[in-house]
Amino acid sequence: MKIISIVALTFLSFLSGCDSYIANNAHAGVSQSSYPLIIDTVSKMVPQLSSVKNGELLNEVCSVSYEVKTQADLDNWLKSNFTDVDKLSEKNPNYGILTGKDKTAQRSSCAAWLSFSISFIPSVDDFTTKDKEGKIISVDENSIASLMPIRLAIARTNAEIFAAIAKKLDGKKSLSLQSAIKIIRDSFEENALRYLSTVKSYAMQENGRTFQLILLQKGRFVFQDSGGYLFDANTDGVNLFWHGVPWLSKGKLQGYEYFSTIAEEIL
């Protein structure tokens, strides 16, 4: 009985210690890189308007956001491609951004689309001419070069805006995953106008620089500019380096790695 009592007391002491540990660490959370969470959240902010014409529709939204086209131009384009925008809106709430009723939603949708668009790797077949045997006989270098300034401008903007969002998460203690996602979404929407303006500014800057194509093959697109930037899009994602420093790559934004403390959810 004495031995049993000692074992029982030891076990109760152990349980008490566990309770104390759980109480003290319930809100400690786990530190994790903010980089993938930001990229994943922003990519999910891209509206799904159509399974076939999504990119085309969002390009039209961006044309309005950048005032290249008016809302009337977009309305006319929609009439020639869709029978009734209002009915489409009823079926898919995201179509509301096409009506111009919510300019803020239009801007944030355009910004999210631009941010995500550079992950698409151009097809080699679109820029080459082949003979009957399938051998490449010519390459449209000018068309390939035309892709580089805007892609680099968007990548640079992603690095800048994502870093600003990461700083908001940095220092926050024990956020729930949903709270962290909300901060990212709200911050990106608040910075949508700044995002679009920054892309335009960087694009003008990049248009004045020279570019060198390093590699274009299935699943990879790599080039660099005369300003020290190297862009590398592959099946793992988009990487941007500035003079060799990870600017948007391997968990780092503008050379720094930011962390978020996410509370563990006990199911």
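These are my notebook entries on a predicted model, covering its sheet, its disulfide and a few single residues.

**Ground rules**

I number residues from 1 along each chain as its sequence is written. The model is predicted, so I take local features only at pLDDT of at least 70 and side-chain atom pairs only at pLDDT 80 or more, while totals for chains, interfaces and linings use all residues, and side-chain values use heavy atoms, with hydrogens and water left out.

**Entry 1: the sheet**

I looked up the strand order. I found an open sheet of 7 strands, β4-β5-β6-β7-β8-β9-β10, with antiparallel pairing. Strands (E, at least two residues) and helices (H or I, at least four) are DSSP runs, numbered from the N terminus. Two strands pair if DSSP finds at least two bridges between them.

Which strands stand at the edges? They are β4 (211-217) and β10. Each has a single partner strand, so one side of each is left without a neighbour in the sheet.

I then checked what packs on the sheet. Helix α7 (residues 141-169) does, touching β4, β5, β6, β7, β8 and β9. Contact here means heavy atoms within 4.5 Å. The direction of α7 makes about 85° with that of β5. For such angles, axes are lines fitted to C-alpha atoms, for helices over the stretch in contact, and the angle runs from 0 to 180 degrees between N-to-C directions.

**Entry 2: strand β6 and its partners**

I went on to β6 (residues 229-234). Of its 6 residues, 5 are buried, so the strand is largely enclosed by the rest of the structure. I call a residue buried under 20% relative accessible area, exposed over 50% and partly exposed in between (1.4 Å probe, protein chains only).

On one pairing, β5 (residues 220-225) runs antiparallel to β6, joined by 5 bridges. R220 has N234 as its bridge partner. The two strands form a hairpin with 3 residues between them. In that turn, G228 has a positive phi of about 95°.

β6 also pairs with β7 (residues 237-242), antiparallel, over 6 bridges. Here A233 is opposite V238. This hairpin has 2 residues as its link.

Further along, I looked at β8 (residues 245-249) and β9 (residues 252-253). They pair antiparallel over 2 bridges. L248 faces L253 across that pair.

**Entry 3: N234**

Is N234, in β6, buried or exposed? It is buried, at a relative accessible area of 15%. Its side chain makes a polar contact of 3.3 Å with that of D232. A polar contact is a pair of N or O atoms within 3.5 Å; within protein, one must be able to donate a hydrogen and the other to accept it, and residues adjacent in sequence count only if both atoms are side-chain atoms. Beyond neighbours within four places in sequence, N234 contacts I121, G219, R220 and N239.

**Entry 4: the disulfide**

How many disulfides does the whole structure hold? My search found 1. I counted a pair of cysteine sulfur atoms within 2.5 Å. The pair is C62 and C110, with sulfur atoms 2.2 Å apart. C62 sits in helix α3 (residues 54-65) and C110 in helix α6 (residues 103-117), 48 residues apart, so distant parts of the chain are linked. The link is right-handed, with 120° about the S-S bond. C62 and C110 are both buried.

**Entry 5: helix α3 and what follows**

I checked the length of α3. Its 12 residues, at 1.5 Å a residue, should span 16 Å, and the end C-alpha atoms are 16 Å apart, which agrees. The expected span is 1.5 Å times one less than the number of residues. α3 is mostly covered, with 9 of its 12 residues buried. Among them are L57, L58 and V61. The buried residues pack against α4 (71-81), α6 and α9 (192-206).

After α3 comes E67, in the loop between α3 and α4. Its phi is positive, near 60°, in a residue other than glycine. E67 is exposed at 72% relative accessible area.

**Entry 6: H243 and Y258**

H243 is in the loop between β7 and β8. Its phi is near 50°, also a positive value in a residue other than glycine. H243 is exposed, at 60%.

Y258 lies in the loop between β10 (256-257) and β11 (259-262). Y258 is buried, at 12% relative accessibility. Its C-alpha atom is 7.1 Å from that of Y35, though the two are 223 residues apart along the chain. Not counting residues up to four places away, Y258 has several contacts, including Q32, A163, K167 and D170.
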